Amino acid sequence: MKKEYLQRKTRERGQASWVLGLFLILFLAILLCMQLQVALYRESAMYMEDALALSNLASAVIDIEEYGITQKVLITDPEQAYERYCHALRENLGLDNHFMAQNRRMISGQVEIQNYTIYNVTSDLVEIWQRDRDGTVSVWSGNVAPNGQLIEETGVYSEIAYPVEGFLGTRVMAHKGKLVDVIRNDNREKKNEITENKVTGNE
């Protein structure tokens with residue numbers, strides 16, 4: 001009886017060790033997958049920032065005649081600027097005419113333009129032209145971009161939303177916004193600039 005009791009206890013301890021080992025392996029696998037996902041998000045954020053900065057600059061067609069007369073850097077044809085932005089965005093992100101991603105590594109579906117805004121700085125006044133995701137155009141005056149940056153020079157801000165393949169096959173919508181100054185030499189991300197990916201929910 002005692003021998004059987006000891007054998008049973010040994011088997012139980014062995015089973016417990018096996019379950020604990022399996023749980024540890026599963027935990028490490030999940031942790032590794034999460035780390036890989038975070039690395040992908042970071043790579044995606046850098047890629048999107050560069051693409052948005054280049055697309056914004058491509059759309060900033062300066063009115064040369066206005067500059068020659070008033071020495072003011074202004075974007076006087078916002079509709080043309082928006083069309084140039086759309087074309088540049090498709091080229092920079094590898095999208096088709098319907099803004100669907102052809103390379104699914106960074107983007108898992110269709111890109112949506114959430115906001116395209118032009119800031120024309122004339123003396124102390126900032127004239128703002130904005131087109132939202134529904135195509136509605138608004139015009140007003142102000143001095144702060146949607147990402148919290150103070151507008152000091154004529155520039156362009158845009159924000160996009162795009163699906164990203166998440167952990168265990170889930171798809172989430174990420175957002176990326178970028179402001180560029182037309183006459184600024186360095187349009188890299190500032191310390192106080194809000195341009196990180198923001199996950200808004202499952203698709």
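Is Glu79 buried, exposed or partly exposed? Glu79 is partly exposed, with a relative accessible area of 38%. The close-ups below come from a predicted model, and we'll get back to Glu79 in the fourth one.

**View 1. The whole chain, before zooming in.** Here we've got three helices and six strands, laid out along the sequence as α-α-α-β-β-β-β-β-β. Of the 203 residues, 37% count as buried. If you take the contacts with a separation of 6 or more, 57% of them are between residues 24 or more positions apart. As for the outside, the chain exposes about 12,600 Å², and 55% of that comes from carbon and sulfur atoms.

**View 2. The largest nonpolar core, with Leu89 in the frame.** This core has 29 residues, and the ones touching the most other members are Tyr85, Leu89, Leu93, Ile107, Tyr116, Ile160 and Tyr162. Two or more residues apiece come from helix H1 (2-59), helix H3 (78-93), strand S1 (112-122), strand S4 (155-165) and strand S5 (171-181). H3 chips in the most, with six residues. Now pick out Leu89: setting aside its neighbours within four places in sequence, Leu89 is in contact with Leu52, Ser55, Leu95, Phe99, Ile113 and Ile160. Another core lies apart from this one; it has eight residues, including Val121, Ile128, Ala145 and Ile151. As a rule of thumb, nonpolar side chains in soluble globular proteins tend to be buried together.

**View 3. The S2–S3 hairpin.** Strands S2 (residues 125-132) and S3 (residues 137-141) run antiparallel, joined by five bridges. Look across from Ile128 and you'll find Trp140 in S3. Four residues sit between the two strands of this hairpin, and Gly135 in the turn has a positive phi of about 90 degrees.

**View 4. Glu79 meets Arg131.** Back to our opening residue: Glu79 forms a salt bridge with Arg131, and the closest N and O atoms are 3.8 Å apart. The pair ties together distant parts of the chain, with Glu79 in helix H3 and Arg131 in strand S2, 52 residues apart. Why does Arg131 count as partly exposed? Arg131 has 21% relative accessibility, so it misses the buried class, which means under 20%.

**View 5. Glu49 and Lys178, a buried pair.** A search of the whole structure turns up three salt bridges. One of them has Glu49 and Lys178 as partners, with 3.2 Å between the closest N and O atoms. Glu49 belongs to helix H1 and Lys178 to strand S5, so this pair also links distant parts of the chain, 129 residues apart. Both Glu49 and Lys178 are buried.

**View 6. Glu112 and Arg133, beside the hairpin loop.** The side chains of Glu112 and Arg133 meet in a salt bridge at 3.3 Å, N to O. Glu112 is in strand S1, while Arg133 is in the loop between S2 and S3, 21 residues apart. Glu112 counts as partly exposed at 30% relative accessibility, whereas Arg133 is exposed, with a relative accessible area of 53%.

**View 7. A nonpolar patch on the surface.** Leu20, Phe23, Leu24, Phe27, Leu28 and Leu31 make up this patch, with about 630 Å² of accessible area together. Leu20 has its place in helix H1. Leu20 is exposed, with a relative accessible area of 57%.

Technical notes: Residues are numbered from 1 along each chain as its sequence is written. This is a predicted model: local features need pLDDT of at least 70, side-chain atom pairs count only at pLDDT 80 or more; totals for chains, interfaces and linings use all residues. Side-chain values use heavy atoms; hydrogens and water are left out. A nonpolar core is a set of buried Ala, Val, Leu, Ile, Met, Phe, Trp, Tyr and Cys residues joined through side-chain atoms within 4.5 Å. Buried means under 20% relative accessible area, exposed over 50%, partly exposed in between (1.4 Å probe, protein chains only). Contact means heavy atoms within 4.5 Å. Two strands pair if DSSP finds at least two bridges between them. Patches are made of residues with over 30% relative accessible area and no salt bridge: like charges are joined within 9 Å, nonpolar side chains (Val, Leu, Ile, Met, Phe, Trp, Tyr) within 5 Å. Accessible areas come from the Shrake-Rupley method with a 1.4 Å probe; for residues, only the protein chains shown count as cover. A salt bridge is a side-chain nitrogen of Lys or Arg within 4 Å of a carboxyl oxygen of Asp or Glu.
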